[in-house]
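Reader: Please take one part of this model and look at it closely, and then follow the side chains and strands outward from there. I would like each term to come with its cut-offs.

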Amino acid sequence: MNKNLNIIIFFTLLLFYPLFAQDNSDNKSKFDISFSERFRMVMWDNAIDLDKSGTSNQNFARFRSSLGIKYSASENLVFNLKFTHEFRKYFTPSAADFHMNEVIFDQLNLQWKTDEYLPGTLTFGRQNIFLGEGFVILDGHPGDGSRSPYFNAFRYDWNINSDNTLTGFFVYQPEEDFLPALNGKDIDKAFQGDDSYQLVEQSERGAGLYYTGNLAEFNLQSYFIWKAIADDGLQIMPKSDIYTFGARCRIPLIETLALTAEGSYQGGKYGDSDRGAYGGYSYLSFSPEEKGSCIPRVIDAGFLILSGDDINTNKMEAWDPLFSRWPKWSESLIYTFLKESRGRVAYWSNLYSFYLRSGFTFPEDIALNLGYYHLGAMENTMATSFLSGDGSDRGELFTAKLSYKVSSKITGHIVWEYFVPGDFYFEGAERSHWARMEFFLSL
């Protein structure tokens with residue numbers, strides 16, 4: 001065991017010693033142990049470069065194992081610890097090395113219910129944060145894919161009353177994990193940086209307030225989030241401060257129809273330039289009263305807008321996705337963004353879309369979700385080997401997801417996406433396919 005790990009364990013035990021030292025004679029204290037195993041088979045055929053003659057075709061299996069330990073010292077104090085390990089076996093490209101990879105601290109936090117002083121919960125340490133639909137905050141480090149979305153954070157959820165909650169948080173996301181891997185640094189070479197994963201391209205800090213309220217059937221959420229991007233020394237993306245103000249609402253219009261909308265504005269600095277960007281989405285959800293396998297459970301019709309940078313001004317107008325670089329709208333497009341966002345995966349920006357989505361439920365715990373997206377760019381870009389520079393039509397995206405439940409402990413899905421690029425990309429850009437199969441075991 002390495003020296004850094006010894007230090008981490010020592011200070012962890014020291015910090016949480018009061019929990020374990022409490023009188024447990026009331027039998028309310030207990031340990032809960034959980035385990036999950038996720039298997040995924042993933043393949044795509046030129047989702048990154050839209051070129052069949054390129055080298056971005058991939059076919060690989062992912063194996064993720066997680067062990068969670070929850071210790072309830074009392075009704076008000078809970079300690080959460082979770083270890084996660086994921087490795088990949090590549091079939092294409094076949095030259096990719098195989099490594100068992102690292103075991104990480106996925107969760108390491110203390111939850112304290114402060115109802116004796118103020119109704120709410122303080123969560124300190126490594127934790128997941130998912131607010132609203134994940135438009136501004138969900139994934140703290142996109143560099144390791146879906147291995148884990150954790151944040152290193154302080155978070156307080158103040159339960160003002162049964163209908164109103166105010167969440168405050170501070171997060172710190174370094175380029176590399178500051179906690180040691182339990183098994184050293186035996187890391188897949190395809191994802192290896194300076195002896196560790198590069199979790200995010202440049203270190204990020206952030207803080208925010210997020211309000212959620214219910215008035216009858218009307219739901220309102222509003223927020224302010226500050227995010228700071230550190231100088232990486234290479235000026236790939238300059239040091240930035242981003243101030244985001246936004247709100248989300250869901251309004252039932254009639255019994256079978258509801259409107260959901262979210263919009264945000266961003267100010268601040270982008271290097272020495274001022275920032276002025278906006279983003280949002282809106283959709284109508286129709287839920288038919290009549291039920292049946294051939295009748296959609298729900299139909300969504302909506303649009304999405306994320307501003308782009310006007311290259312003719314000195315201002316930065318492009319939307320920054322904050323802490324939401326995850327496959328919110330597409331599993332495949334997140335890789336296509338690599339070629340236009342300085343190698344940043346899932347960098348949702350300079351995008352508009354009109355879309356239709358539908359969901360069906362069948363017997364035997366089977367569900368099918370279908371989607372169609374017409375995609376465009378809000379602003380033209382400089383011409384590159386990947387971008388045409390004079391087109392704004394990104395193309396058409398078709399998505400399908402079949403979910404199934406084998407038992408109460410085993411679930412799975414199959415995802416397929418098909419992208420037809422438009423004139424926003426280089427002449428001759430090829431269509432792409434993306435597919436995934438998953439089995440998930442939870443104990």
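Author: The second largest pocket has a volume of about 560 Å³, where a volume is the space filled by probe spheres set on grid points that are joined across faces, edges and corners. A pocket, on a 1 Å grid over the protein atoms alone, is an open set of points where a 1.4 Å probe fits, with protein on both sides within 12 Å along at least five of seven lines, and its lining residues have an atom within 4 Å of a point. There are 22 lining residues in the second largest pocket, and those nearest its centre are Asp309, Ala318, Glu340, Ser341 and Arg342. Sorted by class, this lining has nine nonpolar, seven polar and six charged residues, with Ala, Val, Leu, Ile, Met, Phe, Trp, Tyr, Cys and Pro counted as nonpolar, Asp, Glu, Lys and Arg as charged, and the others, Gly among them, as polar.

The model is predicted, so local features need pLDDT of at least 70 and side-chain atom pairs count only at pLDDT 80 or more, while totals for chains, interfaces and linings use all residues. Residues are numbered from 1 along each chain as its sequence is written, and side-chain values use heavy atoms, with hydrogens and water left out.

As a setting for the details, the chain has two helices and 18 strands; helices (H or I, at least four residues) and strands (E, at least two) are DSSP runs, numbered from the N terminus. Of the 443 residues in the chain, 48% are buried, where buried means under 20% relative accessible area, exposed over 50%, and partly exposed in between (1.4 Å probe, protein chains only). Among contacts (heavy atoms within 4.5 Å) between residues at least 6 apart in sequence, 61% join residues at least 24 apart.

The aromatic side chains come next. The structure holds 31 aromatic pairs, one of which is formed by Tyr281 and Tyr283 and is stacked, at 6.2 Å centre to centre with 15° between the planes. Rings of Phe, Tyr and Trp (its six-membered ring) pair if their centres lie within 6.5 Å, and planes under 30 degrees apart count as stacked, over 60 as edge-to-face and the rest as tilted. Tyr281 and Tyr283 are both buried. Phe337 and Trp348 form an edge-to-face pair, because their planes are at 70° and their ring centres are 5.3 Å apart. Since Phe337 and Trp348 both lie in the loop between α2 (333–336) and β14 (351–362), their pair ties together parts that are 11 residues apart in sequence. Phe337 is buried because its relative accessible area is 4%, and Trp348 counts as buried at 2%.

Ring pairs link these four residues with others into a cluster of Phe135, Tyr281, Tyr283, Trp319, Trp329, Phe337 and Trp348. Two of the cluster's tyrosines also have a charged side chain over the ring: Lys328 lies over the face of Tyr281, 5.3 Å from the ring centre, and Arg357 lies over the face of Tyr283, 5.4 Å from the ring centre. A charge sits over a ring if NZ of Lys or CZ of Arg is within 6 Å of the ring centre and within 35 degrees of the ring normal.

Arg357 and Tyr283 lead on to strand β13 (residues 298–306), in which Val298 is found. Leaving out residues up to four places away in sequence, Val298 touches Ser285, Phe286, Ser287, Arg357, Ser358 and Gly359. Ala301 is also in strand β13, and with the same exclusion of residues up to four places away, Ala301 touches Ser282, Tyr283, Leu284, Tyr355 and Leu356. Ala301 counts as partly exposed because its relative accessibility is 35%. Its C-alpha atom is separated by 8.6 Å from that of Phe286, 15 residues apart along the chain, whereas the C-alpha atoms of Val298 and Leu284, 14 residues apart, are separated by 10.0 Å.

Two backbone values deserve a closing note. Most residues other than glycine have a negative phi. Leu322, however, has a positive phi near 50°; it is found in the loop between β13 and α2 and counts as buried at 2% relative accessibility. Asp365, likewise not a glycine, has a positive phi of about 60° and is found in the loop between β14 and β15 (366–376), where Asp365 counts as exposed at 52% relative accessibility.
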